[in-house]
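Here is a friendly tour of a structure, with an eye to its empty spaces, one helix, one strand and one lysine. Please keep the viewer open as you read.

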Amino acid sequence: MESPNQTSDVEFFFVGFSSYPQLQALLFAAFLLIYLLAVSGNLLITIVIYSDTHLHTPMYFFLVNLALLDICFTSSVIPNMMVILLSETKSMSYWGCMTQMFLLSAALGSELLLVTVMSFDRYLAICKPLHYPVIMSKTVYLSLAAAVWILGILNSMLHVGLILKLSFLQKTVVDHIFCEIPAVSKVAISDTYAIELVTMMADIFLGMICFALIIITYTYIIFSVLKMRSADTKRKAFSTCASHLLVVGLLYGTTSYTYLLPAMGLRGNKDKVVSALYAAGCPVFNPMIYSLRNQDVKQAFLKIWSRHFSSFRK
């Protein structure tokens, strides 16, 4: 048996989808397409919002932050997944794994916090419209965005710091497709009580409490919208809220399966598939959901397109 090691000599070997060798090239092409769609879609929505002054509001400012987090999120996972798919050894160095885990955890934690802040923003805009400009001032929404990023990074530093204290075999096999906290801590050969405890606390805060706050805010929002007299105002409010709820449902549904079930002592039998779904799917779907269902974003995009296309033709 190999001796445990905690230095850069440790190497992680990923099982991934190696049981389907005939699909490796197809999966590589699929992930490449998804990555290009995710990055281009989120960059596009960022450029559109930045270019149109009518969209310089707290809601769209938070949407830009969501797009940037999606780019960080998918960039920390998919490029390396593609390398592993084409690699014969399907391995990653110790520090490469720790770096990926830090970036992934920071982006994911920040995104879970951000969608909670976005629901609070919608609550103020719909339920407290007269007080909204005062409460959600530039200083406030900039501070909220900064807090989201800082807390996400601190949460990731705590988790990865505890992972660094674990011991692994020099050649450690991980039955997963990338370095993720539950999958990596599972293959450690030292006591994982501390990381399991911290993960459970993070699950309670980022998962249960934040999700409960979102449900509470949207309960108030729905009741407020139903009291509105204008059908057009109702439609616009429900359209905005529906987009956000779709993003929340997709994000919390997939991450709960990966992080919450293991913390409760339960294991899913489709961990790799679900992890691939939120790592690759969420960053692609988010800009599509917000752009296709949002008239303001579509109109801003069409204005930019027509302006640049007209100048190109001249």
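## The largest pocket

In this predicted model, the largest pocket has a lining of 21 residues, and those nearest its centre are Met59, Arg122, Lys236, Thr240 and Asp296. The space in this pocket comes to about 520 Å³.

Which helices supply at least two residues each to that lining? They are α2 (58–75), α4 (94–127), α9 (231–263) and α11 (295–313). The largest share comes from α9, with seven residues. Sorted by class, the pocket lining holds nine nonpolar, seven polar and five charged residues.

## Enclosed cavities

How many cavities of 30 Å³ or more does the structure hold? There are three, and the largest has a volume of about 220 Å³. Its lining is made of 17 residues, with Leu108, Leu112, Asp203, Leu206 and Tyr259 nearest the centre. Two or more residues of this lining come from each of α4, α6 (138–164), α8 (193–226) and α9. By class, the lining of the largest cavity splits into eight nonpolar, eight polar and one charged.

The second largest cavity contains about 80 Å³ of space. Among its 13 lining residues, Gly16, Phe17, Ile84, Leu85 and Ile177 lie nearest the centre. Helices α1 and α3 each give at least two residues to this lining, and α3 gives the most, with three. Here the classes come out as eight nonpolar, four polar and one charged.

## Helix α1

Does the length of α1 agree or disagree with what its residue count predicts? Helix α1 covers residues 24–51, which is 28 residues. At 1.5 Å a residue, α1 should therefore span 40 Å, and its end C-alpha atoms are 40 Å apart, so the two values agree.

The buried residues of α1 start with Gln24 and go on through Phe31, Tyr35, Ala38, Val39 and Gly41 to Asn42, Ile45, Thr46, Val48 and Ile49.

## Strand β2 and its partners

Strand β2 spans residues 11–14. In a regular strand, side chains alternate between the two faces of the sheet. For β2, Phe12 and Phe14 make up the covered face, while Glu11 and Phe13 make up the uncovered one.

Two partners are worth finding in the viewer. Strand β3 (residues 91–93) runs antiparallel to β2 and is joined to it by three bridges, with Phe12 opposite Met92. Strand β5 (residues 171–174) pairs with β2 in the parallel sense over four bridges, and there Phe13 stands opposite Val173.

## Lys90, a lysine in a loop

Lys90 sits in the loop between α3 (78–86) and β3. Is Lys90 buried or exposed? Its relative accessible area is 13%, and because buried means under 20%, Lys90 counts as buried.

What does the Lys90 side chain meet there? One polar contact, at 3.3 Å, is with the side chain of Gln24, one of the buried residues of α1. In addition, a polar atom of the Lys90 side chain lies 3.1 Å from the backbone oxygen of Leu85. Leu85 appears again among the residues nearest the centre of the second largest cavity.

Methods:
Residues numbered from 1 in each chain as written. Predicted model: local features only at pLDDT ≥ 70, side-chain atom pairs only at ≥ 80, totals over all residues. Heavy atoms only, no water. 1 Å grid on protein atoms, 1.4 Å probe; cavity = no way out; pocket = protein on both sides within 12 Å on 5 of 7 lines; lining within 4 Å. Points joined across faces, edges and corners; volume = space filled by probe spheres on them. Nonpolar A, V, L, I, M, F, W, Y, C, P; charged D, E, K, R; others polar. Expected span 1.5 Å × (residues − 1). Buried < 20%, exposed > 50% of the residue type's maximum accessible area, 1.4 Å probe, protein only. Pairing = 2+ DSSP bridges. Polar contact = N/O pair within 3.5 Å; in protein donor to acceptor, adjacent residues only side chain to side chain.
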